[in-house]
Amino acid sequence: YQLYGEKTPETAEFWLHCETVPERTHLHNWEIAPHRHDAFFQLFWLSDGRGAIVGGAKQLPFEAPCILFIPPGAVHGFSYSRDVDGLVVTALADRLHSISAGDRQLDLFGQQIGIVPLAGDDGDADFAAQCIRRIRDELGGQAPGRTILLETLMTAALVSLARSHAGAARPSAQVEERD
């Protein structure tokens, strides 16, 4: 994989990566310039801090706790507060396509940058956050069935985010910026 600021070759085994948000952002003074990833999508679970997604037609402000969804091909950058914390999960785009292929609402959700707040009593959004944290834990271990569980957790996170977005009384921030 090649994430923001990296020049490493892609390998066939990679399909899922997880790291803390500060791990990469502090290297760039909490500002990530607009860029795009055609080969993968990202989920950002933010437990602390605030910021904005930059690079599209307008800035999209966010405040933790929330989950950010960045689809494949979407131009995005970030401006973070210095107290930002959370996790970023990066997965190959073909995983998103295979998950969303059979469901129109999931497919529509997977085509746009999204911000899903975690405040209130939204069980679907809360479950998505739990799945993201569990993905981190599974990636750090070697338990039997790990690959199967990782695929299931990613599917559950995406379905839960799409449900939260579709069922929200207040619309989550969405943009249709794609190159």
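**Entry 1: Thr25**

I take a residue as buried when its relative accessible area is under 20%. The model I examined is predicted. I looked up Thr25 and found a relative accessibility of 4%, so Thr25 counts as buried. I located Thr25 in helix α1, which covers residues 21–25. I then listed its contacts, setting aside neighbours within four places in sequence: Trp30, Glu31, Ile32, Tyr80 and Val84.

**Entry 2: The whole protein**

I next turned to overall values. I noted 5 helices and 10 strands in the protein. Of its 179 residues, 49% are buried. The exposed surface comes to about 8800 Å², and I recorded that carbon and sulfur atoms supply 51% of this area. I also looked up how contacts are distributed along the chain: among those with a separation of 6 or more, 76% join residues 24 or more positions apart.

**Entry 3: Helices α4 and α5**

Two packed helices are described by the angle between their axes and the distance between the axes. I applied this description to two helix pairs in turn.

How are α4 and α5 oriented to each other? I found that the axis of α4 (residues 123–139) comes within 8 Å of the axis of α5, with a crossing angle of roughly 155°. Angles over 145 degrees count as roughly antiparallel, and α4 and α5 are therefore roughly antiparallel to each other. I recorded the crossing of α4 and α5 as left-handed.

I then read off the residues in this contact. On the α4 side they are Asp124, Ala125, Phe127, Ala128, Cys131, Arg134, Ile135, Glu138 and Leu139. On the α5 side they are Arg146, Leu149, Leu150, Leu153, Met154, Ala156, Ala157, Ser160, Leu161, Arg163 and Ser164. By class, I entered 13 nonpolar, 2 polar and 5 charged residues for the contact of α4 with α5.

**Entry 4: Helices α2 and α5**

I followed with the pair formed by α2 (residues 93–100) and α5 (residues 146–167). Their axes come within 11 Å and cross at roughly 65°. The handedness I noted for the crossing of α2 and α5 is right-handed.

Which residues of α2 meet α5? I found Arg95, Leu96 and Ile99 on α2, facing Glu151, Met154, Thr155 and Leu158 on α5. I classed the residues of this contact as 4 nonpolar, 1 polar and 2 charged.

Comparing my two lists, I noted that Met154 of α5 appears in the contact with α2 and also in the contact with α4.

Key
Residues numbered from 1 in each chain as written. Predicted model: local features only at pLDDT ≥ 70, side-chain atom pairs only at ≥ 80, totals over all residues. Heavy atoms only, no water. Axes fitted to C-alpha atoms, helices over the stretch in contact; angles between N-to-C directions. Helix = DSSP H or I, 4+ residues; strand = E, 2+ residues; numbered from the N terminus. Left-handed = near helix turned anticlockwise from the far one by under 90°. Contact = heavy atoms within 4.5 Å. Nonpolar A, V, L, I, M, F, W, Y, C, P; charged D, E, K, R; others polar. Parallel < 35°, antiparallel > 145°, perpendicular 65-115°, else oblique. Buried < 20%, exposed > 50% of the residue type's maximum accessible area, 1.4 Å probe, protein only. Areas by Shrake-Rupley, 256 points an atom, 1.4 Å probe, with all protein chains shown as cover.
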